Amino acid sequence: MSGQAVGGHTVSGHALLPADPAGAREYRETVERIRAGSPQAAADELRRVSREVRRSVVEMIDRAGMGHIGGDLSVTDILVTCFYGLLDVDPTRPKLPGRDRFVLSKGHCAAALYSTLAHCGFFHRAELATFLAPLSALNGHPNRMKVPGVETNTGALGHGFPVATGCALAAQLDGAAWRTVVVLGDGELQEGSNWEAAMTAAHHGLSSLTAVVDRNRLQQGARTEDTTRLEPLGAKWEGFGWEVRDVDGHDHLALLEAMSRSDTGKPVAVIANTVKGKGVSFMEDRVEWHHKVPSAEQVEAALAELAR
Amino acid sequence: MTEFDCRKDFAAELVALARQDERIVAVCNDSVGSSNLGGFREEFPRRLVNVGIAEQDLVGVAAGLANAGKIPFVCAAAPFLTGRALEQIKADVAYSEAHVVLCGQSPGMAYGELGPTHHSIEDLSWVRAVAGLDVIVPADPVQTRAAVRWAAASGRPSYLRVPRFKVPAVTPADAPFAPRRAVLLRSGDDVTLIAIGSLTSRALEAAERLGAAGVSARVLNLPFLDPLDEEAVVAAARETGGIVTAEEATISGGLGAAVASIVVTRHPCPMRILGVPRVFAPTGDTRFLLDHFGLSADGIVAAARELLGHG
C-alpha cells in the first residue's frame, strides 16, 4: 500500500485495525463468567484462554519464521489475567477516555500481545496470520496507531514504564478511577529509565499504577543474574517506595490477587515468577529460545503439548 | 535596540493558554527556574509535574499524560532534553504520535561559558532526523508566543526551540506563522540570507550593511524548520545570485543542510552555510562564541560577498 502525505509527512496508509464485534461479544461473555464465577471456574477459563493464546503464538511465529517465542510464552498468563480478569476495556471502543491503560513495555513479546488482543476482539483473529508480513499492521513491536488496545509504541526497552507513569499521573490529576498496568521484562530492568519512573510513581503516590515484572530470569544472552544482577529485586522495589507482591506468574488466580488495588497509597510491583518458554517442555528455561524459531517438527510437538 | 529574553514570552503565553484550556500541563526536570515556570507553578501548582533530574522519564511521562488527554509542554534545557531523551522523543512521542510539545530551553550556545556539555548545537540535526516531528525555531518574542499557541492547537508532536540569548523583535505585524511559510523580512535580488532563531536579527543587520555597499540582499526567516517553506527557498535560488544560511547550531544537519538539499535537487545555486563547524566550542560567553564562529553580521556579510565574487 502506498503512503500518503499527512501534515507534510508521509505515513503508511494503514489505519487502526477494525474491531471484531463477534469476538468482542465472546470476550465479554467469557469475562463475565470469569469475574462472576467460582475461583475454580475462573481458573479453568483463564487457563483455557492462555492455552489458545500460546497456540496462536506458536502458529504466528511458525508462519512468520521469526519472533520472541520464549518471552511470549512466559508473559502469556500475565496478559490473559490482565485482559480477562482485571482490566476495564471495551475492544469495540479502544479509545474510550475512561478505559484502563495497559502497556506492554517488553514490546518484543508483541506476538503474545497481538494474540491476546485478537482473542478479546480488538481486531479479527484472521489478522494474526499477517504477523510480520510486508505492510502488516502487526509489526515486530506494537504500534498504537495501527493496533487497537496498544497505548504506546514500545520495543526499545525501558520506555513503557515512564509512559504508564504519565498515564497514572493524568488519572490522579483528574481524580479518575481508571487504572494503569505496565508489564516489564526482568532483563529490561537493567535500563535506568525504569528506575527514574519508579521514583516518580512512588513520589506521587500513584496507587492506581501496577507494574508487573515477568521474572523469567533469562535475557537474550544469558541468565539475568549472570549478566547484571537484579537480586534482591523485591528489596529494590521496596527501597524505591513500592508495595511488592511476589507470586507464581503462571497461577492466574494468584496473579489476580496480586494485582488487586492497594490501600497503602503506594504503587504496586508484582514480581511474577515465570518460566521462559512456559508450556513447551523443550523450550522451558532455555536461553536459546529467546528468539529461536522452531522447526516444523518442533512446532508440531509444541502444539501437541499446548493442546493438553 | 530593545532586546528580549523570549523565555518570558514563552512562559507568559503558556500561562495564558493554561487559563483557557485545563488540558495544558507543564512537565519539567527540576527546571522551574531556568524555564521561567514560577508563575505557572503559582497559578497551577497541580498542573506542573516536576519529575526531577530524569530526562528519559520526563519525556515518557509526558507521552503518558498526552495518552490520557493532557497537552504536556515539556520544559527542559535543550541539550539534556534532546541528547538524553532522544529515543523517548523518537519512540514515545513522534512514532507514537503523542501530542507533546517538547520545549528546548536555552538552545544553541546560550549557556556560553558553561561549555559544550551545556551547549545544544546538535538538537536541530537530531530532531530533524525524527519522522513526524514539527521543528519550530522562533526568532523573537512574537514568534515565540505564536509558536506556543500553534503547538498547543496542532494536535501533533513538535519541538519548540525557546531562545534564551536576548534578541530584538524582527517579525512584522502581518507576518505568517504556519508550517511551510517563510517570513520575508527584506526584499532583495542579489543574494538571499536565510536565518533562524538568534541569527535572524544578525542577518538583517548584514543585509543593511550589504545594502549600503550596493548589494541588494533578501532576508528570509524560517520559523518552521520542519516542514519548511520549500517554495520560498526555490524562489530565492531562482531569483537571486545565491543563498547564505545562518544558524546557531552545528552545520551537520540543520538549516543549511535542509536548504541545501532543496537547492541541489530543485534549483542549484551557489550557497554558503554558516553555523558551528564540527568542533566543541572554547570557553566564552554566547556573544563571543557567536562571533568566534562567524555567526555575526560581519560573518554573514563576508560570506555573501565571497559567494558573489566580491570577496
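Here's a quick briefing on a sheet and a helix in chain B, a glycine in chain A, and the contact between the two chains. Keep in mind that this is a predicted model. The chain B sheet is open, has five strands and mixes its pairing. Strand 9 of chain B gets most of the attention, with all five of its residues buried. Over in chain A, Gly71 is buried too, and helix 5 is the biggest contributor to the side that touches chain B.

**The chain B sheet**

- Reading across the sheet, the strand order is 7-9-8-11-12.
- Strands 7 and 12 of chain B sit at the edges, so to speak, with pairing on one side only for each; strand 12 covers residues 271-276.
- From one strand to the next, the twist averages 25 degrees.
- Helix 9 of chain B (residues 230-239) packs on this sheet and touches strands 8, 9 and 11, the last of these being 243-250.
- The direction of helix 9 makes about 165 degrees with that of strand 9 of chain B.

**Strand 9 and its partners**

- Strand 9 of chain B takes in residues 217-221 and is mostly covered.
- Its side chains alternate: B:Ala217, B:Val219 and B:Asn221 point one way, while B:Arg218 and B:Leu220 point the other. Both sets are buried.
- On one pairing, strand 7 of chain B (residues 183-186) runs antiparallel to strand 9, with three bridges. Within this part of the model, B:Arg186 has B:Val219 as its bridge partner.
- On another, strand 8 of chain B (residues 191-195) runs parallel to strand 9, with five bridges.
- Two residue pairs to look up here are B:Ile194 opposite B:Leu220 and B:Ala195 opposite B:Asn221.
- Strands 8 and 9 of chain B also belong to a right-handed β-α-β unit, together with helix 8 (residues 199-212).

**Helix 7 of chain B**

- Helix 7 of chain B (residues 141-154) has 14 residues, and at 1.5 Å a residue it should span 20 Å; the end C-alpha atoms are 20 Å apart, so the expectation and the model agree.
- Eleven of those 14 residues are buried, which leaves the helix mostly covered.
- Among the buried ones are B:Gln143, B:Arg145 and B:Trp150.
- What do the buried residues of helix 7 of chain B pack against? Their partners are helix 1 (6-20) plus strand 1 (24-28), strand 3 (71-77), strand 4 (101-105), strand 5 (134-136) and strand 6 (158-162) of chain B.
- Just past the helix, B:Gly155 adopts a positive phi of about 75 degrees.

**A:Gly71**

- A:Gly71 is part of helix 3 of chain A, residues 69-86.
- Why does A:Gly71 count as buried? Because it has 28 C-beta neighbours inside 10 Å, and the cut-off is 20 or more.
- Setting aside neighbours within four places in sequence, A:Gly71 has contacts that include A:Lys106, A:His108, A:Cys109 and A:His290.
- A:Trp289 lies 218 residues away from A:Gly71 in sequence, yet their C-alpha atoms are 8.5 Å apart.

**Where the chains meet**

- In the contact between chains, 27 residues of chain A meet 29 residues of chain B.
- On the chain A side, helix 5 (160-174) and helix 6 (192-203) each supply at least two residues.
- Helix 5 of chain A has the largest share of that side, at ten residues.
- By type, the chain A residues touching chain B divide into twelve nonpolar, eleven polar and four charged.

Conventions
Residues are numbered from 1 along each chain as its sequence is written. Chains are lettered from A and ligands numbered from 1 in the order in which they are written. This is a predicted model: local features need pLDDT of at least 70, side-chain atom pairs count only at pLDDT 80 or more; totals for chains, interfaces and linings use all residues. A residue is buried if 20 or more other C-beta atoms lie within 10 Å of its own, exposed if 12 or fewer, and partly exposed in between; C-beta atoms are placed from the backbone. Helices (H or I, at least four residues) and strands (E, at least two) are DSSP runs, numbered from the N terminus. Two strands pair if DSSP finds at least two bridges between them. A crossover is right-handed if, with the strands pointing away from the viewer, the path from the first strand over the helix to the second runs clockwise. Two residues are in contact if their C-beta atoms, placed from the backbone, lie within 7 Å. Ala, Val, Leu, Ile, Met, Phe, Trp, Tyr, Cys and Pro count as nonpolar, Asp, Glu, Lys and Arg as charged, and the others, Gly among them, as polar. Axes are lines fitted to C-alpha atoms, for helices over the stretch in contact, and angles run from 0 to 180 degrees between N-to-C directions. The expected span of a helix is 1.5 Å times one less than its number of residues.
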